[in-house]
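Colleague: Could you take me through the sheet in this model, slowly and one strand at a time? I'd like to see what sits around its middle.

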Amino acid sequence: MEQSYKRQKFDVWADLTPEKQKAINTYAEHFKSFLNQAKTEREFVSTAIKELQAAGFKPIAHCDKLKPGDKVYMSIRNKGLAMAVIGSLDLTEGMNLLGSHIDSPRFDTKANSVQEHNNLSYLATQYYGGVKKYQWTTIPLAIHGVITKADGTVLPITIGEAENEPVFFFTDLLPHLSREQMSKSAASFISAEQLKLLVGSQPLADSDSKTPYRDKILRIFHEKYGVNECDLIGAELEIVPAAKARDVGLDASMIACYGQDDKLCSFASFTALAAIDSCKRTVVSFLYDKEEIGSEGNTGAQSRLYELFLMELIQRSLQRFDDLLYNKIISRSYMISSDVSDAFDPMYPEVFDQANNAYLAQGLCLIKHTGAGGKSGSNDANSEFLRSVINIFEEARLPWQIGTLSKIDMGGGGTIAKFAAKTGMQVVDAGIPVLCMHAPMEICHKLDLYYSYLAYKAFLLEMNLLADDK
């Protein structure tokens with residue numbers, strides 16, 4: 001007799017038909033191709049917009065009056081993105097939203113970055129987000145970003161991805177001379193100031209300059225891109241791994257690539273919304289910048305530019321707008337904060353609460369609260385909302401799991417959920433498990449990627465107004 005008082009978990013392997021395996025593999029190939037083109041937030045936005053336009057989305061500024069079925073988007077200063085499909089229900093019924101971030105841990109060049117030291121040329125860098133610095137040494141690196149010229153021309157830069165292009169390195173000390181270095185802690189045996197990017201070893205020919213190696217690099221930038229040193233001061237150049245997304249394992253069941261935190265969930269969120277042609281409640285997806293450094297700035301989750309998109313959505317849908325109307329709609333809206341979760345790693349079991357942790361190949365991981373210690377700095381989802389989301393996944397026969405980030409006093413982390421919750425909407429975290437989070441190459445499972453895409457889509461289509469919000 002079935003024990004109805006126990007949870008009946010979805011068996012992903014028993015349910016894996018050849019047709020589903022084909023769909024999983026097809027979606028995984030799309031993901032790998034997309035991430036190879038979108039290693040930075042700017043690249044993610046530009047690549048996503050191309051796909052949105054192909055799916056019939058238009059800039060919201062081009063639509064005076066929105067009607068059910070309309071698909072719109074807005075670029076947030078080219079580093080964030082908002083998109084929506086207008087539902088058949090009146091917008092006063094609220095919206096269903098997904099929120100994720102498209103920035104990832106990396107290294108950025110400093111303003112006065114071009115330097116020379118003992119006949120070698122370097123770009124000085126500053127790490128962005130939480131990194132283990134030692135993981136970034138002695139691996140091939142590429143330069144991505146933009147340089148803005150005095151006349152306002154913005155030049156996209158990518159060096160190190162093509163087979164015929166050079167790559168770059170942060171160097172490390174040879175083991176033979178590392179006795180003192182290796183006696184230090186992992187946090188300190190490589191300092192931030194030692195992570196200068198090796199970019200050259202030739203002097204400028206026929207020059208009486210005191211810095212011929214530095215000048216050689218400036219000359220190359222000038223000849224190749226038509227930029228000068230002043231242009232480089234204001235540039236946004238990001239240092240990322242020069243590696244393509246690859247299958248992992250003899251069974252090719254997993255994917256390794258740079259930036260899965262949180263381009264993994266962002267890809268699933270954006271493709272879930274892009275696949276919707278009609279819906280009851282209006283559905284929205286936000287792709288935020290700057291989460292890795294606190295969601296600051298005018299492109300992070302705390303920026304009011306994302307609210308501006310919602311205001312535009314309301315005004316162009318209802319042909320009216322005021323603060324009371326806006327806040328009532330927000331109070332009836334529901335969001336999944338789609339950010340990756342940590343997958344249990346059997347090689348490091350001591351830091352995980354195994355009964356309350358995400359695992360690979362078990363589907364999307366719901367996280368009621370993030371934060372640290374006593375839920376510090378956390379959104380904590382309401383029981384009524386969390387149960388409603390679980391019901392959606394159960395009814396759609398989609399695998400899901402529940403988790404937290406590590407044992408209580410081992411550390412912690414946060415997402416954009418708390419910023420969305422401040423507006424009054426209901427928010428819960430639900431992300432895809434990854435191994436090696438924040439490393440230059442992170443690992444996900446193809447099953448989790450595909451089923452999370454389906455879960456996000458189910459939430460957008462099936463989440464209805466809760467009784468307490470009517």
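Here is a walk along the sheet, with one strand looked at closely.

Modeller: Sure! This is a predicted model, so local features need pLDDT of at least 70 and side-chain atom pairs count only at pLDDT 80 or more, while totals for chains, interfaces and linings use all residues. Residues are numbered from 1 along each chain as its sequence is written, and side-chain values use heavy atoms, leaving out hydrogens and water.

Let's start with the whole sheet. Nine strands make an open, mixed sheet, in the order E1-E2-E3-E13-E4-E14-E20-E16-E18. The names come from DSSP runs numbered from the N terminus, with at least two residues for a strand (E) and at least four for a helix (H or I). Two strands pair if DSSP finds at least two bridges between them. E1 (58-59) and E18 (400-402) stand at the edges with a single partner strand each, so one side of each has no neighbour in the sheet.

Now zoom in on E4, residues 95-101. Seven bridges tie E4 to E13, and the two run parallel; His 101 stands opposite Tyr 288 in E13. E4 also runs parallel to E14, with four bridges, and there Leu 98 stands opposite Ile 336. E13 has another partner too: E3 (residues 80-85) pairs with E13 (residues 282-288) in the antiparallel sense over five bridges, with Met 83 matched to Ser 285.

How enclosed is E4? Seven of its seven residues are buried, so E4 is largely enclosed by the rest of the structure. Buried means under 20% relative accessible area, exposed over 50%, and partly exposed in between (1.4 Å probe, protein chains only). In a regular strand the side chains alternate between the two faces of the sheet. Here Met 95, Leu 97, Gly 99 and His 101 are on one side of E4, Asn 96, Leu 98 and Ser 100 are on the other, and all are buried.

Helices are part of the picture as well. H7 (residues 305-318) packs on the sheet, touching E2, E3, E4 and E13, and its direction makes about 160° with that of E13. Contact here means heavy atoms within 4.5 Å. H11 lies across E4, E13, E14, E16 and E20, running at about 145° to E4. For these angles, axes are lines fitted to C-alpha atoms, for helices over the stretch in contact, and angles run from 0 to 180 degrees between N-to-C directions.
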